[in-house]
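Me: Please examine the charged side-chain contacts of the structure shown here. Short, reasoned answers would be appreciated.

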Amino acid sequence: MNPRTAIIWIFVVIFVATATITLGSLPGWITVPDYYRKSLFGLLILEVVACVIGFGKEAFKSYREPPQDFRSALLSPEYGWDWQYAQKSWRSRIQFEPLDLRKVSFTGDTWVVDPRGTALSQS
């Protein structure tokens, strides 16, 4: 688990513990002195407000900014296009390469395969 994920889970556990203690103390299931119950309730409200603000900020940020560069996924060396047209026994593989900011080059191969699975021709 990376540190960022660990921190998120720590905050989730703190939030759940605070909510459980606070909400359990309201009907009297958990006995907490009145002073601490008021403090816990105020803390729970602050945690909820912080979560709403944090999620709202991320939602607006992702709405305003487009996702990360799509070219990075399309032009990734481990990805490409690989498809088969079974009715015609064709198989094609294409890899993309960036040329400049607005141009993309691709290279690829297409095979015609007989029913036994051996390549008959390649282009």
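Reply: A salt bridge is taken here as a side-chain nitrogen of Lys or Arg within 4 Å of a carboxyl oxygen of Asp or Glu. The model is predicted.

Me: By this rule, how many salt bridges are there?
Reply: Side chains of opposite charge can pair when their charged atoms come close. D34 and R37 form a salt bridge through their side chains, and K38 and D34 form one as well. By the rule above, the count is two.

Me: What is the N to O distance in the salt bridge of D34 and R37?
Reply: Both residues belong to helix α2 (residues 34–64), where they lie three residues apart, about one turn of the helix. The N to O distance between their side chains is 3.6 Å.

Me: Is K38 buried or exposed?
Reply: A residue counts as exposed over 50% relative accessible area. The value for D34 is 43%, so D34 is partly exposed, and R37, at 25%, is likewise partly exposed. K38 has a relative accessible area of 59% and is therefore exposed.

Me: Which residues are linked in a network of salt bridges?
Reply: K38 and D34 are four residues apart in helix α2, which means a separation of about one helical turn. Their side chains meet at 3.8 Å, N to O, while D34 also meets R37 in a salt bridge. The network of salt bridges links D34, R37 and K38.

Notes: Residues are numbered from 1 along each chain as its sequence is written. This is a predicted model: local features need pLDDT of at least 70, side-chain atom pairs count only at pLDDT 80 or more; totals for chains, interfaces and linings use all residues. Side-chain values use heavy atoms; hydrogens and water are left out. Helices (H or I, at least four residues) and strands (E, at least two) are DSSP runs, numbered from the N terminus. Buried means under 20% relative accessible area, exposed over 50%, partly exposed in between (1.4 Å probe, protein chains only).
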